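Colleague: I'm new to reading structures like this one. Please pick one part, take a close look at it, and then walk me outwards from there in plain words.

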Amino acid sequence: GPLAGSLLEIPDTVPLCDFRLDERHGRRPIAESLDPFVCGISGRTVLVPQLKDRVDHLAKGLAQHVGWVANDGTEFDKVAVIFAPNTIDTLTISWAIHRLNGLSSPANAVYSAEELQYQLDISRATVLFTVPSLLPIALRAASKCNLNQDHVIICEMPGEPQSSKGFRTVSNLIEQGATLPELDVLRWTKAQGRRQTAFLCFSSGTSGTPKAVMISHYNVIANVLQIQLFEQHMRDAIEPGYRDVTLGLMPFSHIYGLVAICHIAVYRGDSIIVLPKFVFKDFLASIERFKINTLSVVPPIIITMVKNKALCDQFNLTSVRQIMTGAAPLGQETAQEFASQYSNWVTRQGYGMTETATAVTNTSPFDVWLGSSGCLLSGVEAKLLSPEGTEISAYNTPGELLVKAPSVVLGYLNNPKANAETFVDMADGRFVKTGDEVEFRKSPAGNEHVWVVDRIKELIKVKGLQVAPAELEACLLEHLAVADCAVIPVADERAGELPKAFVVKSAAVATDDENVVKQSILKRVEKAKSRHKWLAGGVEFVDIIPKSPSGKILRRLLRDLERERRRD
Ligand code: 4UV
């Protein structure tokens, strides 16, 4: 492609909070009047100088309140989980944590207490940020892992009570911090450099239960610069000084919202219109009200728009120039139908994963090929491997994608087995196995495009969110009626995929009524897990779960059988 071979210089001794806000590292001087964050509900904004101050003051207030020291170098003693929907302060909190050399672990706001507890445990968090409406769930999880209740901090939300009795708020800590002497600012040592973890995001990778992914400051900066380099020529072509007004709807707890929306936008000096949850009419109204020009969404939102064109037409959406989708496959036909309805918009797709600190590919507006995930970003090296492990170089031939890039993460926290399976040292460097089946195809314009054709790994994607089969299987096995089970994805028009369980009933089941047993199994999952993990693909009773001689569940066999049944 046009970017192949361009040199990327990636700073590796700069923390994220300084990367953009400290002018020495910025692309262009930051106008103090820019508003990186705008609340899509209240209209409240955070301007650049406020963002800087809020990060500094919150860091100081936090250090004093929870007893963290800025420079002790024991980073894994200082982990804070942020359990909140998107707010204009979410990134401020992460950056304040980073100022203290700490790690931020964002958790999805839809989590149940059990799921949150798992994240607190695995990340060994000692501080928990949440919002008033989620406080009961947060406290239930915190008490189960002995997290000091004094270290639960409330982030204010529009439309929710401004304080919760007895709990510190982000505003309290900012006020308190403003009166404290300057921090002995984090001495960003060359020794830590590329190895300094910034985020612990959760992903199940190619198999097993969710794991804490160690994402470094360097990883995030690298991906921001890769995306920026890819897009700069297009932005220059639009107009000098062009600014995105972008939609901040994708969860900031997921790599997509965190890096490919938040960090890239703040770096460029764009505005993010922050929305805490998807309500279709609010989404449309926000585009009109804030004149949003870049929409970053997932395929189910594209499908909702296609199916509800009449409602969309009631809103003035003429500000939009482009729509970006990723996190799950967008079918070629859907993409074509959408693009014909919104022919003035550029329909783009990105492909990436938590383990690559987001983007591996992106669509150039000068070579849109609907259904393709676009071209490799500059700085990415890719390999396709056959099931036998030989390298595939031909076009239009599927294989597992392996990726080498500066954004490939440090690894999974405390999990040498998963690290050895996922991050492989090859003769030409360290690659990550994506678990995705991909083809390289030459576009009519002559560029090499990446087409994601199938998924090899166990992962299920419901509305772009991860669901790990192993996590649901463990939950099902706790049910007395379940002797054995396997969970697989089944296709769904709206959600993309839904989890379905095959269950071998245990001999101990008291009733013959399969429906009663089924309902009881469904309830168990609904009680323990957030909604996107519910078994909306169904429960089917079987006599045996197919396994390999070593005892591994043959989920792919079940998935392929199910696909064939549905095709008939
Ligand atoms: O780890 P994760 O949950 O990460 C993501 C990342 C999403 C994005 C979003 C916008 C971008 O610009 C971008 O570069 C990345 O979802 O899940 C990773 C898995 O999701 C599937 C694939 O199976 C990954 O291994 N996936 C992600 N993007 C696509 C996709 C896509 N465009 N097409 C098909 N599958």
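Modeller: Let's start with helix H3, which spans residues 90-99 and is mostly covered: 10 of its 10 residues are buried. Buried here means under 20% relative accessible area, while exposed means over 50% and partly exposed is in between, using a 1.4 Å probe and protein chains only. Helices (H or I, at least four residues) and strands (E, at least two) are DSSP runs, numbered from the N terminus. Before going on, note that this is a predicted model, where local features need pLDDT of at least 70 and side-chain atom pairs count only at pLDDT 80 or more, though totals for chains, interfaces and linings use all residues. Residues are numbered from 1 along each chain as its sequence is written, and side-chain values use heavy atoms, with hydrogens and water left out.

Who is hidden in H3? The buried residues include Leu91, Ile93, Trp95, Ala96 and Ile97, but Thr90, Thr92, Ser94, His98 and Arg99 are on that list too. Just after H3, Asn101 takes a positive phi of about 70 degrees.

Another buried arginine turns up in helix H1 (residues 16-21), where Arg20 has its place. Arg20 counts as buried because its relative accessible area is 3%. Arg20 and Pro398 are 378 residues apart in sequence, and their C-alpha atoms are 39 Å apart in space. You can try another pair as well: Leu225 is found in helix H7 (residues 217-238), and its relative accessible area of 12% makes it buried. From the C-alpha of Leu225 to that of Ile488 is 37 Å, with their positions 263 residues apart along the chain.

Now for the ligand. It is surrounded by 24 residues, the closest being His254, Thr354, Asp436, Lys457 and Lys461; a residue is near a molecule if one of its heavy atoms lies within 4 Å of it. Next come the polar contacts, pairs of N or O atoms within 3.5 Å; within protein, one must be able to donate a hydrogen and the other to accept it, and residues adjacent in sequence count only if both atoms are side-chain atoms. A side-chain N or O atom of Lys457 is 2.7 Å from a ligand oxygen. The side chain of Gln466 has an N or O atom 3.0 Å from an oxygen atom of the ligand, and a backbone N or O atom of Tyr351 is 3.2 Å from one. On its own the ligand has 670 Å² of accessible area, and the protein covers 99% of that. Those areas come from the Shrake-Rupley method with a 1.4 Å probe, and for residues only the protein chains shown count as cover. Helix H8 (255-268) and the strands E15 (351-353), E16 (358-362), E23 (429-442) and E24 (448-455) each give two or more residues to the shell. E15 has the largest share, three residues.

Let's finish with charges. Side chains of opposite charge can pair when their charged atoms come close. The structure holds 36 salt bridges, each a side-chain nitrogen of Lys or Arg within 4 Å of a carboxyl oxygen of Asp or Glu. One joins Asp270 and Arg268 (3.7 Å, N to O). Asp270 is buried, with a relative accessible area of 2%, and Arg268 is buried at 3%.

Glu478 and Arg524 form a salt bridge too, their closest N and O atoms being 2.6 Å apart. That pair links distant parts of the chain, 46 residues apart: Glu478 is in the loop between helix H14 (469-477) and strand E27 (482-492), and Arg524 is in helix H15 (residues 514-528). Glu478 is exposed at 53% relative accessible area, whereas Arg524 is partly exposed at 25%.

Asp484 meets Lys547 in a salt bridge as well, at 2.7 Å from N to O. Asp484 lies in strand E27 and Lys547 in the loop between strand E29 (539-541) and H16, so this pair ties together parts that are 63 residues apart in sequence. Lys547 is partly exposed, at 36%. There is also a network of salt bridges linking Glu114, Glu115, Glu471, Lys529 and Lys533.
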